[in-house]
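Me: I would like a close look at one buried position in this model and at what surrounds it, followed by a careful walk outward to the cores, the charged pairs and the backbone details.

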Amino acid sequence: MKNAVKGDIIYASSPDKFEIFEDGYLLFENDKIIGVTNEINDDYEVIDYSKKLIIPGFVDIHIHAPQINNIGLGADKELMDWLETYTFPEEAKYKDMEFAQKSYEKFVNKLLNNGTTSSVVFGSIYNESTEYLMNLMDKTGLRAYIGKVNMDRNSPDFYIEKTQDSVKNTVKFVEDTIGKYKNIKPIITPRFVPSCTSELMTKLGEIAKKYDLKIQSHLSENRREIKFVNELHPECNCYVDVYDKYGLLRDNLNTVMAHCVWTDEHEMQMLKSKQVMVAHSPYSNGNISSGISPVSKLLKNGVNVGLASDVSGGHEIFMGKVIVMASILSNMRWVHIDNAYPQLKFEQLFYMATKGGGKFFGDVGSFEKGYKADFLVIDDDSLSDSNDRTVRERLQRFLYIGDDRNIQSVYVDGKKIK
């Protein structure tokens, strides 16, 4: 059956402009978009959301599921102290399945209610609870890459793996989950260079290649972290070269690296040539004093950039607010640090939160023909004022002052899941 939803439709097919169809129809069949139009024939079954905004589902390309309970804590510390004080003790609790089930149900409900239809997710080092998260995400109907975290050095004795155990458990995790779900896929997840030995990184690179898997990790987030990486790996020129040397920089949109706050010219060229996706995490970068990422410069140099909540370094899971914070930090960087690169525009930011990050999943995040039918229905009536507003203005206002209460319905693959 061919379906259509009627409403005020807006999406970004490129970083430069919105496609807007006021009182239009979003056409889809099964799980794929057919197109958008203002005219329709009798071949379609129409769901009427007149006067509501219809937008693509949000894409969050970097989020830590086991940190969901720590939202709003630790913003008075830098990265390494924050990890030791808050993060590692919290993630270690996910060995307890009762705790993991309760916490992951909360996490998945928050993603769903906030309209994050696609996400790239760090789990914990534990297979059982990470696979439970995958099952729960699949049952809910969301789309995600989910990884079992690896860490065999510079980690507390209560949350660390022996190298061979980490490798063995990763292979088991991959073989148990690859091909098991339609929209949930495993991803290789070395936490970051300081917590992974050269041997472990090499083995993880081999696993990724053998099973043709994507990779996620962190890169050049914090100055103290970068100094530590340089001390650990004098055989490499810089942080990104460590990942490349040990096979963890898979090309062609097969790797996502979070943060890249202190990325230099060499790293930018590496990221561009390998087509790595950078996960810009504005709330986290501010909360734990990492810095203001040079997003405009990354984009100008041809690097792929998507937006990320980075819960719980970031305290906001609603991608609308992530867009807003990314805009604010971009303005401040332009004013105070580097005016050679312009502030990010609204169209660019929305693109990064939808189609830009969606590239990591394939045809996700737009309403162009052949894209996945993932979309949100936004009731913004409570946000209206005494003036007539354009569709673009209504979208901007929803992102700035709206929240999950304005998200009336969530669709993934053309199926209503909220």
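Reply: Leucine 349 counts as buried because its relative accessibility is 2%, and the cut-off for that class is under 20%. The model is a predicted one, and in it leucine 349 belongs to helix H12, which runs over residues 346-358. When residues up to four places away in sequence are not counted, leucine 349 touches Leu307, Ile323, Ala326, Ser327 and Leu344. A further spatial relation concerns valine 305, which is 44 residues from leucine 349 in sequence, while the C-alpha atoms of the two are 9.8 Å apart in space.

Helix H11, residues 319-336, also holds methionine 332, and here the setting is another one. Methionine 332 counts as partly exposed because its relative accessibility is 36%. Together with Ile328, Trp334 and Val335, Met332 forms a nonpolar patch on the surface, and the accessible area of the four together is about 340 Å².

In soluble globular proteins, nonpolar side chains tend to be buried together. In this model the largest nonpolar core has 105 residues, and the residues with the most contacts inside that core are Phe58, Met137 and Phe398. The element that gives the most to this core is helix H2, residues 97-113, with eight residues. Apart from this core lies another, of 16 residues, including Tyr49, Ala373, Phe375 and Val377. For methionine 137, leaving aside its neighbours within four places in sequence, the contacts are Val108, Leu111, Ser119, Val121, Leu142, Ala144, Ile146 and Ile184.

Phe398 also appears among the buried residues of helix H13 (residues 391-401), which are Val391, Arg394, Leu395, Phe398 and Leu399. These buried residues lie on the same side of H13, because they cover an arc of only 135° around the axis.

A polar residue can be followed in the same manner. Asparagine 127 is placed in helix H3, residues 127-140, and counts as buried because its relative accessibility is 13%. Its contacts, with neighbours within four places in sequence left aside, are Lys148, Asn169, Lys172 and Phe173.

Turning to charge, side chains of opposite charge can pair when their charged atoms come close. The salt bridges in this model come to 23 when a side-chain nitrogen of Lys or Arg must lie within 4 Å of a carboxyl oxygen of Asp or Glu. Lysine 297 and glutamate 265 form one of these through their side chains, with an N to O distance of 2.7 Å. This pair links distant parts of the chain, since lysine 297 is in helix H10 (residues 295-300) and glutamate 265 is in helix H8 (residues 265-274), 32 residues apart. Lysine 297 counts as buried because its relative accessibility is 19%, whereas glutamate 265, with a relative accessible area of 43%, is partly exposed.

The side chains of arginine 250 and aspartate 212 likewise meet in a salt bridge, at 3.2 Å from N to O. This pair, too, links distant parts of the chain: arginine 250 is in the loop between helix H7 (239-245) and strand S12 (255-259), and aspartate 212 is in the loop between helix H5 (198-211) and strand S11 (215-219), with their positions 38 residues apart in sequence. Aspartate 212 is exposed, its relative accessible area being 55%.

In the salt bridge between lysine 17 and glutamate 19, the closest N and O atoms are 3.9 Å apart, and lysine 17 is partly exposed, with a relative accessible area of 43%. Beyond these pairs, a network of salt bridges links Asp31, Arg143, Lys182, Lys372, Asp374 and Asp413.

Some backbone details complete the walk. The loop between H7 and S12 also contains asparagine 252, whose phi is near 60°, a positive value in a residue other than glycine. Asparagine 252 counts as partly exposed because its relative accessibility is 46%. Histidine 259, placed in strand S12, has a phi near 85°, again a positive value in a residue other than glycine, but histidine 259 counts as buried because its relative accessibility is 0%. Finally, the peptide bond from valine 311 to serine 312 is cis, with omega near 10°, and serine 312 is found in the loop between strand S14 (304-307) and H11.

Conventions:
Residues numbered from 1 in each chain as written. Predicted model: local features only at pLDDT ≥ 70, side-chain atom pairs only at ≥ 80, totals over all residues. Heavy atoms only, no water. Patch = residues over 30% accessible without salt bridge, like charges linked within 9 Å, V, L, I, M, F, W, Y side chains within 5 Å. Areas by Shrake-Rupley, 256 points an atom, 1.4 Å probe, with all protein chains shown as cover. Helix = DSSP H or I, 4+ residues; strand = E, 2+ residues; numbered from the N terminus. Buried < 20%, exposed > 50% of the residue type's maximum accessible area, 1.4 Å probe, protein only. Arc of directions from axis to C-beta. Core = buried A, V, L, I, M, F, W, Y, C linked by side-chain atoms within 4.5 Å. Contact = heavy atoms within 4.5 Å.
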